[in-house]
Amino acid sequence: MMIKKTSLLLISLILTACAGAPSNPQQADQCEEGLKQAYKELDYAKTKGLDGTVDYTKAASLLSAAKIQQQFNKFPNCINKVERARYYIKQSQK
């Protein structure tokens, strides 16, 4: 029983260390804010009936990938994908 508790404690400590603060908080904030704005724009495009367009689908895929990049603290990649997604969202509205 003691070994199980010790193992769980060790695993918890390792996971906590991995989930530390981002090395570049400014990029982390830019990624997060970009995702929020892009998802709002995507939702707006959907309300206008544009969710079946190729550009909308590209944007949705890029935002999903950006969210994954955010979770792995790959903020420059996240920011890049958000910018590309927002471009496709705008294209879907033309």
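In which hand does α2 pass α3, left-handed or right-handed? To get there, let's walk through the whole fold, bearing in mind that this is a predicted model.

Start with the overall layout. The protein contains four helices and zero strands, so reading from the N terminus gives the order α-α-α-α. The chain has 94 residues, and 26% of them count as buried. About 6,800 Å² of the protein is exposed, with carbon and sulfur atoms supplying 59% of that area. Sequence separation is worth a look too: among contacts with a separation of 6 or more, 68% are between residues 24 or more positions apart.

Now turn to one pair of helices. Helix α2 spans residues 25–47 and helix α3 spans residues 54–71; their axes come within 11 Å and cross at roughly 155°. Because angles over 145 degrees count as roughly antiparallel, that crossing makes α2 roughly antiparallel to α3. As for the opening question, the crossing of α2 past α3 is left-handed.

Which residues in α2 and α3 meet? On the α2 side you will find Cys31, Glu32, Leu35, Ala38, Tyr39, Leu42, Ala45 and Lys46. Facing them in α3 are Tyr56, Ala59, Ala60, Leu63, Ser64, Ala66, Lys67 and Gln70. By residue class, this contact of α2 with α3 divides into 11 nonpolar, two polar and three charged residues. The nonpolar group includes Leu35 and Leu42 from α2 and Leu63 from α3, while Glu32, Lys46 and Lys67 are charged. Ser64 and Gln70, both in α3, are polar.

Terms used:
Residues numbered from 1 in each chain as written. Predicted model: local features only at pLDDT ≥ 70, side-chain atom pairs only at ≥ 80, totals over all residues. Heavy atoms only, no water. Helix = DSSP H or I, 4+ residues; strand = E, 2+ residues; numbered from the N terminus. Buried < 20%, exposed > 50% of the residue type's maximum accessible area, 1.4 Å probe, protein only. Contact = heavy atoms within 4.5 Å. Areas by Shrake-Rupley, 256 points an atom, 1.4 Å probe, with all protein chains shown as cover. Axes fitted to C-alpha atoms, helices over the stretch in contact; angles between N-to-C directions. Parallel < 35°, antiparallel > 145°, perpendicular 65-115°, else oblique. Left-handed = near helix turned anticlockwise from the far one by under 90°.
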